Amino acid sequence: MKSQISQHKNKKPFANKKNFQYIFLYIVMDRVKDLASKKAAVIFTKSSCYMCHSIKQLFYELGASPAVYELDNDSYGREMEWALRSNFGCNPSVPAVFIGGKFIGSSKDIISLHVDGSLKQLLMDAKAIWF
């Protein structure tokens, strides 16, 4: 019986802390991808971020109603923010904008697309706006 217990102790589901972190990051990344694909336009924000507010306002003025996820109000927000930064290269991590399930970029990317006129077309292609 004692040998069975010691054998069971050696078979840990996570061999070490690093493996657990990778698995947790994978789960968090799946959550980000799932949320990003639920609606035609998705913005990950923080409630205290003025650029996030500006990007949301731009989308509303264009006629879009994006899904907005405020990371500072989400129980896994800090981990999702880290996943956005490390896997999508979003620096700063918010606002992070997805259109049609694809990562488009942060505030500077969205403003550039708006200035050259292609943001509206992206939103129309994703069916986030109709005109």
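**Exercise 1. Which residues in helix 4 are buried?**

Keep in mind that you're working with a predicted model. Once you have the list, work out how the buried residues sit around the helix.

*Solution.*
- Start with the helix itself: helix 4 covers residues 77–88, so count twelve residues. From first C-alpha to last, helix 4 reaches 16 Å, close to the 16 Å expected at 1.5 Å a residue.
- Next, pick out the residues under 20% relative accessible area, the cut-off for buried. In helix 4 these are Gly-77, Met-80, Glu-81, Ala-83 and Leu-84.
- Now look down the axis of helix 4: the buried residues fall within an arc of 160°, so they line one face of the helix.
- The spacing rule helps here: an α-helix has 3.6 residues a turn, so residues three or four places apart point the same way.
- Finally, step just past the end of helix 4, where Gly-89 takes a positive phi of about 70°.

**Exercise 2. Find the salt bridge between Glu-81 and Arg-85, then say which further residue belongs to their network.**

*Solution.*
- Measure from N to O: the side chains of Glu-81 and Arg-85 meet at 3.4 Å, and the cut-off for a salt bridge is 4 Å.
- Check where they sit. Both are in helix 4, four residues apart, which is about one turn of the helix.
- Compare their exposure: Glu-81 is buried at 14% relative accessible area, while Arg-85 is partly exposed at 35%.
- Then follow the shared partners. Salt bridges join Lys-46 with Glu-81 and Arg-85 into one network.

**Exercise 3. Take the salt bridges Lys-56 to Glu-70 and Lys-38 to Asp-34, and describe each pair.**

*Solution.*
- Begin with the reason to look at such pairs: side chains of opposite charge can pair when their charged atoms come close.
- For Lys-56 and Glu-70, the N to O distance is 3.6 Å. This pair links distant parts of the chain, with Lys-56 in helix 3 (residues 50–61) and Glu-70 in strand 2 (residues 67–70), 14 residues apart.
- As for cover, Lys-56 is buried, with a relative accessible area of 13%, and Glu-70 is partly exposed at 25%.
- For Lys-38 and Asp-34, the N to O distance is 3.7 Å. Here Lys-38 is exposed at 57%, and Asp-34 counts as partly exposed at 40%.
- To finish the tally, the structure holds five salt bridges.

**Exercise 4. Which residues make the nonpolar surface patch of about 320 Å²?**

*Solution.*
- The patch is made by Ile-23, Tyr-26 and Ile-27.
- Place one of them: Tyr-26 lies in helix 2, residues 17–36.
- Check that Tyr-26 clears the bar for exposed, which is over 50%. Its relative accessible area is 56%, so Tyr-26 is exposed.

**Exercise 5. Zoom out and sum up the whole protein: its elements, its buried share and its surface.**

*Solution.*
- Count the elements: there are six helices and four strands.
- Put them in sequence order and you get α-α-β-α-β-α-β-β-α-α.
- For the interior, buried residues make up 34% of the 131 residues.
- For contacts between residues at least 6 apart in sequence, 61% join residues at least 24 apart.
- For the outside, the accessible surface comes to about 8,500 Å², and 54% of that belongs to carbon and sulfur atoms.

Methods
Residues are numbered from 1 along each chain as its sequence is written. This is a predicted model: local features need pLDDT of at least 70, side-chain atom pairs count only at pLDDT 80 or more; totals for chains, interfaces and linings use all residues. Side-chain values use heavy atoms; hydrogens and water are left out. Patches are made of residues with over 30% relative accessible area and no salt bridge: like charges are joined within 9 Å, nonpolar side chains (Val, Leu, Ile, Met, Phe, Trp, Tyr) within 5 Å. Accessible areas come from the Shrake-Rupley method with a 1.4 Å probe; for residues, only the protein chains shown count as cover. Helices (H or I, at least four residues) and strands (E, at least two) are DSSP runs, numbered from the N terminus. Buried means under 20% relative accessible area, exposed over 50%, partly exposed in between (1.4 Å probe, protein chains only). The expected span of a helix is 1.5 Å times one less than its number of residues. The arc is that of the directions from the helix axis to the C-beta atoms. Contact means heavy atoms within 4.5 Å.
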